Amino acid sequence: MKRNHFKQKTLLTKTLRSLYTVPAPERKDTFFQSSDYRAAARETLYSPRISWSVFLQTQMHYIRKWNWLLTLCIFAAAILLTLHPWQTPAPQEQLQELSTPVILSACIPFLALATIAEAGRSARFGMEELELSARFSLHAVLCARLGILGVENLLLLAVLMPLGPHFWETDLSMTAACILLPYLLTCTLTLPAVRKLRGRDCTILCTGISALVSVFFLTAYAADFLTRAVDTPALIPAALLFFGVAAVLELRKYIRQSEELTWNFTLTG
Amino acid sequence: MNLEEYYDDIYRYCFFRMQDRSLAEDLTQETFLKFLETSTYHDRGKPLAFLYTIARNLCIDHIRHTKTRPESVINCDISIFSDAAHSSEGTAFSPTASVSELTDTSIVLVQALQTLSESDREIICLRYVLELNPGEIGRIMNLSRFVVYRRLKRALKLLKNQLRKEDFQ
Amino acid sequence: MELHIDRLSKHYKNKIAADRISLSLGRGVHGLLGANGAGKTTLMRMICGILRPDSGTVTFGRADVSTEEYRSILGYLPQDFGYYPGFTAEDFLMYMAALKGLRKTDARCRTEELLSLVGLETHKKQKIKTYSGGMKQRLGIAQALLNRPKLLVLDEPTAGLDPKERVRFREMIDRIGQESIVLLSTHIVSDIELIADRILMMKDGRLIFNGTHEDIGENLEEFYLKQFDDINPSAPAPAGTVTGSKIKHGGI
């Protein structure tokens, strides 16, 4: 009796279902692709979101303060030295003026070093995996850090450049050789190092490179090599172009590498 | 949360109620946009019940504003439906299958359905075609679960009686 | 919505880390068992978009693993992770929250919630370098939950936890598994026994088993050992064993 009842009901419901047919919807895909829907969905469905500009602000907050301090120091040093040029006694009792731009050329490699080191903190402290899986991925973090500090660095260099012709009695070429070239050279040499090495070896190598660049410029000046290079027509602009392009290429390689985990600490598991 | 999986269900509901394909899609899309407008990220439950409620209200509002009752999809020339077309019960949630698909039994069922109230047809639709449970139906139609059970039982009984009557004729 | 993995492969110079792995995961807790070197971490990293596969796809609903949309529903706990020096637990969670795109007020809220969920609220202002292994692990679990993930991937989450912490962890994962997809890997069989709805086994980069407790029938530990010892190769393979590209279905 009950089974009959049940069969009746299933028959009934089955028939019912067959009575209610629906033509397929036509505008489903276009709706979900539409900008109206996407805009509304973005607001509600994904976690309450922060925009890129807010993200940049938060990253700025996490950049360590002494980076800004370093920039300030270099700027202050430039101003001070311009006002009170540093004179050292040379062996032959000649007062050799260590020109300001040359002193700066020795400091600027470390500015580049600081920026690149700051960007590479994720790698140094094992945060890469976590950052890679976040919504603003490691890639974004690196771009933010390099972008912020890079722009700040270039601003400093841009501010220093006009000081040459106006205060240091150096022509444009020489100023560029002392201010821009060390920066670009250091970048070109340290970026591949950060890409290929990790940990302590990397830090030591990068510091070494910056020191070498620094010393190179000092000796180049002392040996008059720098002055001769500046006098050679088009050499400095060519060098700037070459290292400029090289630095940009290296930067691109570095950032591209951050899109996936390339350093496998645990090859097991 | 991806809402796409709910589109078809809401569309079907709107189609059964409004009996018009393009209108149903318009209302479905309006439902989704309204849902996004009014819910916050923290509404973590299943969105389906909310979506249905919004769709239902939008449909009712639409009828109220346009002051037209949905016309049955089924051709009203056919005599068996002429009663329905003139009935004051309206045609919402009437069967939508094309006439050619109907068998003898189903024609009887269609007639039987027309004798139910719109509201009862809605409950039947929600339960057996859209396959919602009585609790969810209650939430959507603002009724208690027990009322839904009772009305379902009663509606089924009515339908069965109609079918049996036809068998004896 | 389900996670679909289709013929995922990854080769290194002298090793196949993942070999045409295909599976679909729905809501619930899925345990991934395998020896060290079996490819569990590689698979998990590919699921998290951290490693690019040589071939194959990973999608969640409509979103491919490489999209921001995918990462926004993902929570990941790596086997090993570091932290910026000087960070306290609170700092760490706030930093990760910013990376996950949470707004500041939401981030603060979530940080408080999660710290108490994992039992670290009393230590929240202490520096992470003072933490024990178990505490650090709990912090890792907390950060994985920040963005209320629909897909939670945990690599060896119970390593370093004491028995009491393990119980707490299991309860938490059980709750989360009711709403989201949880994939956890371990080489401790007892962990999986108690919480996993579905069991996956990997060996040498291949998925050798994908099924439930019922499919196994016997004691999980024995079954697991059998797989790796190749004892009784003539015995009938239980349902769920992956042979070639098909999975034997049992009990239908």
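1. A polar contact, as used here, is a pair of N or O atoms within 3.5 Å; within protein, one must be able to donate a hydrogen and the other to accept it, and residues adjacent in sequence count only if both atoms are side-chain atoms. By that rule, chain A and chain B share 10 residue pairs in polar contact, both residues at pLDDT 80 or more.

2. Ground rules. This is a predicted model: local features need pLDDT of at least 70, side-chain atom pairs count only at pLDDT 80 or more, and totals for chains, interfaces and linings use all residues. Residues are numbered from 1 along each chain as its sequence is written, chains are lettered from A and ligands numbered from 1 in the order in which they are written, and side-chain values use heavy atoms, with hydrogens and water left out.

3. Chain B overall. Chain B has 8 helices and 0 strands. Helices (H or I, at least four residues) and strands (E, at least two) are DSSP runs, numbered from the N terminus. Half is buried: 50% of the 169 residues of chain B. Buried means under 20% relative accessible area, exposed over 50%, partly exposed in between (1.4 Å probe, protein chains only). Chain B exposes about 8,600 Å², and carbon and sulfur atoms supply 49% of that area. Accessible areas come from the Shrake-Rupley method with a 1.4 Å probe; for residues, only the protein chains shown count as cover.

4. Contacts within chain B. Contact means heavy atoms within 4.5 Å. Take the contacts in chain B with a separation of 6 or more: 65% of them link residues 24 or more positions apart. One long-range tie is the salt bridge between the side chains of Arg17(B) and Glu122(B), at 2.8 Å, N to O. Arg17(B) lies in helix α1 (residues 7-18) and Glu122(B) in helix α6 (residues 118-129) of chain B, so the pair ties together parts 105 residues apart in sequence. Arg17(B) is buried at 6% relative accessible area. Glu122(B) is buried too, at 2%. A salt bridge is a side-chain nitrogen of Lys or Arg within 4 Å of a carboxyl oxygen of Asp or Glu.

5. The A-B interface. The contact takes 30 residues from chain A and 42 residues from chain B. Together the two chains bury about 3,300 Å², with 69% of it on carbon and sulfur atoms. Buried area is the accessible area (1.4 Å probe) that two parts lose on being put together, summed over both. There are 5 salt bridges between chain A and chain B. In one of them, the side chains of Arg21(B) and Glu26(A) meet at 3.2 Å, N to O. On the chain A side, α1 (2-19), α2 (28-33) and α3 (35-44) each supply at least two residues. The largest share, 10 residues, comes from α1(A).

6. A buried acid at that interface. Glu25(B) forms a salt bridge with Arg27(A), the closest N and O atoms being 3.8 Å apart. Glu25(B) sits in helix α2 (residues 21-38) of chain B and Arg27(A) in the loop between α1 and α2 of chain A, so the pair joins two chains. Glu25(B) is buried at 1% relative accessibility. Arg27(A) is partly exposed at 27%.

7. The A-C interface. Here 34 residues of chain A contact 44 residues of chain C. The two chains bury about 3,600 Å², 51% of it on carbon and sulfur atoms. Polar contacts join 15 residue pairs, both residues at pLDDT 80 or more. The rule finds 3 salt bridges across this interface. One can be inspected at Glu129(A) and Arg45(C), whose side chains meet at 3.0 Å, N to O.

8. Strand β3 of chain C. All 7 of the 7 residues of β3(C) (residues 28-34) are buried, so the strand is largely enclosed by the rest of the structure. Gly28(C), His30(C), Leu32(C) and Gly34(C) point one way, and Val29(C), Gly31(C) and Leu33(C) the other. β3(C) pairs in the parallel sense with β8(C) (residues 181-186) over 6 bridges. Two strands pair if DSSP finds at least two bridges between them. Leu33(C) has Thr186(C) as its bridge partner in β8(C). A further 5 bridges join β3(C) to β9(C) (residues 198-203), also running parallel. In β9(C), Gly31(C) has Ile199(C) as its bridge partner.

9. Leu152(C). This residue lies in strand β7 (residues 151-155) of chain C. Leu152(C) counts as buried at 2% relative accessibility. Its contacts beyond four places in sequence include Gly75(C), Ile173(C) and Leu183(C). Leu152(C) and Leu183(C) are 31 residues apart in sequence but 6.2 Å apart in space, C-alpha to C-alpha.
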